[in-house]
Amino acid sequence: MKKLTLKITAIAFVAVNVLLASCSKEGPAGATGPAGAAGPAGAQGPKGNEGTANVIYSDWLDVGFSADTVHIGSVIDTIGYFASIDIPKLDNEILTSGEIKLYVNTNTADEPFISPLPYFSIYDGVSIEPVYYLNTVELYSNIDAGTITFQGVKYQQYRYILIPGGTAARKAGPAVDWNDYNQVKKYLNLKD
């Protein structure tokens, strides 16, 4: 009797599986039901840090260049010009994992014409190259690219921006052309 009960159970099991496997979904989909009630609001999360809170930037700086000369006998030849800008907050962490941007305003504060450094003009051959190291940026140029004052108005002033690292890169966000001073100024909420 036990074998018969076991066989009937097995046959019933196979029959149910065959019946379920033969069912199909060929009928039309049913109507969408009404949306459920909204759940309660979640707890307020902690306030996140602002993205530009740690950005360090200078005012527009007056920078003087000095002649780089070589002496060959009694002849002194100028081969370029150099300058140095002290940046006390340019530390090893920013040098190794941050971002440093340097700009020159070749026109006036009222009518700026701003270029990122390094700078090279194919039209007149002018170049200005920065080199960054602890607490300092040194500039080297093939012209005297220092700040000048003409009729009480300053030209060729410099500005640096230090952006500390330490935050993993984001996949989304606004694309910023870091060589476009106006985009950087807007993105970092810099004041003139």
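What share of the contacts in the protein chain with a separation of 6 or more is made by residues 24 or more positions apart? Such residues account for 60% of those contacts, and it is worth keeping this figure in mind as you move through the model, which is a predicted one.

**The whole chain**

Begin with the entire protein chain displayed as a cartoon, where you can find 3 helices and 11 strands. If you follow the chain along its sequence, these elements appear in the pattern α-β-β-β-α-β-β-β-β-β-β-β-β-α. Switching to a surface view, you are looking at about 14200 Å² of exposed area, of which carbon and sulfur atoms supply 57%. Of the 192 residues in the chain, 23% are buried.

**The open sheet**

Next, select β1, β11, β4 and β5, which form an open sheet of 4 strands in the order β1-β11-β4-β5, with antiparallel pairing. The edge strands are β1, at residues 56-57, and β5, at residues 114-116, and each of them pairs on one side only. Strands of a sheet pair through backbone hydrogen bonds, either parallel or antiparallel.

Keep β11, residues 157-163, in view and compare what joins this strand to its partners. Between β1 and β11, which run antiparallel, there are 2 bridges, and here you can pick out Y57 standing opposite I161. Between β4 and β11, also antiparallel, there are 7 bridges, and on this side L102 stands opposite Y160.

**Along strand β11**

Now show the side chains of β11 alone. Is this strand largely enclosed or left open by the rest of the structure? Because 7 of the 7 residues of β11 are buried, the strand is largely enclosed by the rest of the structure. Looking along the strand, you should see Q157, R159, I161 and I163 pointing one way, while Y158, Y160 and L162 point the other way. This fits a general pattern, since in a regular strand the side chains alternate between the two faces of the sheet.

**The nonpolar cores**

Select I85, L139 and Y158, which touch the most other members of the largest nonpolar core, a group of 18 residues. The elements that give two or more residues to this core are β3 (75-86), β4 (99-105), β8 (136-141) and β11. A second, separate core has 10 residues, and among them are V55, W60, I163 and L188. In soluble globular proteins, nonpolar side chains tend to be buried together.

**Q157 and Q156**

Return to β11 and centre the view on Q157, which belongs to this strand. Q157 counts as buried because its relative accessibility is 11%, where the cut-off for buried is under 20%. Its side chain and that of D62 are joined by a polar contact of 2.7 Å. Apart from residues up to four places away in sequence, Q157 touches W60, L61, D62, Y103, V104, N105 and T147.

Step back by one residue to Q156, which is found in the loop between β10 (153-155) and β11. Q156 is buried as well, with a relative accessible area of 19%. A polar atom of the Q156 side chain lies 3.3 Å from the backbone oxygen of A145. Leaving aside neighbours within four places in sequence, Q156 is in contact with V104, N105, T106, N107, D144, A145, G146 and T147.

**Backbone angles to inspect**

Most residues other than glycine have a negative phi, and most peptide bonds are trans. With the backbone shown as sticks, stay on Q156, whose phi is near 60°, a positive value in a residue other than glycine. Then move to N135, which has a positive phi near 65° although it is not a glycine. N135 lies in the loop between β7 (127-133) and β8, and this residue is partly exposed, with a relative accessible area of 32%.

For the last stop, select L117 and P118, and look at the bond between them. What kind of peptide bond joins L117 and P118? The bond is cis, with omega at about 5°, and P118 itself lies in the loop between β5 and β6 (119-120).

Notes:
Residues numbered from 1 in each chain as written. Predicted model: local features only at pLDDT ≥ 70, side-chain atom pairs only at ≥ 80, totals over all residues. Heavy atoms only, no water. Pairing = 2+ DSSP bridges. Buried < 20%, exposed > 50% of the residue type's maximum accessible area, 1.4 Å probe, protein only. Polar contact = N/O pair within 3.5 Å; in protein donor to acceptor, adjacent residues only side chain to side chain. Contact = heavy atoms within 4.5 Å. Areas by Shrake-Rupley, 256 points an atom, 1.4 Å probe, with all protein chains shown as cover. Core = buried A, V, L, I, M, F, W, Y, C linked by side-chain atoms within 4.5 Å.
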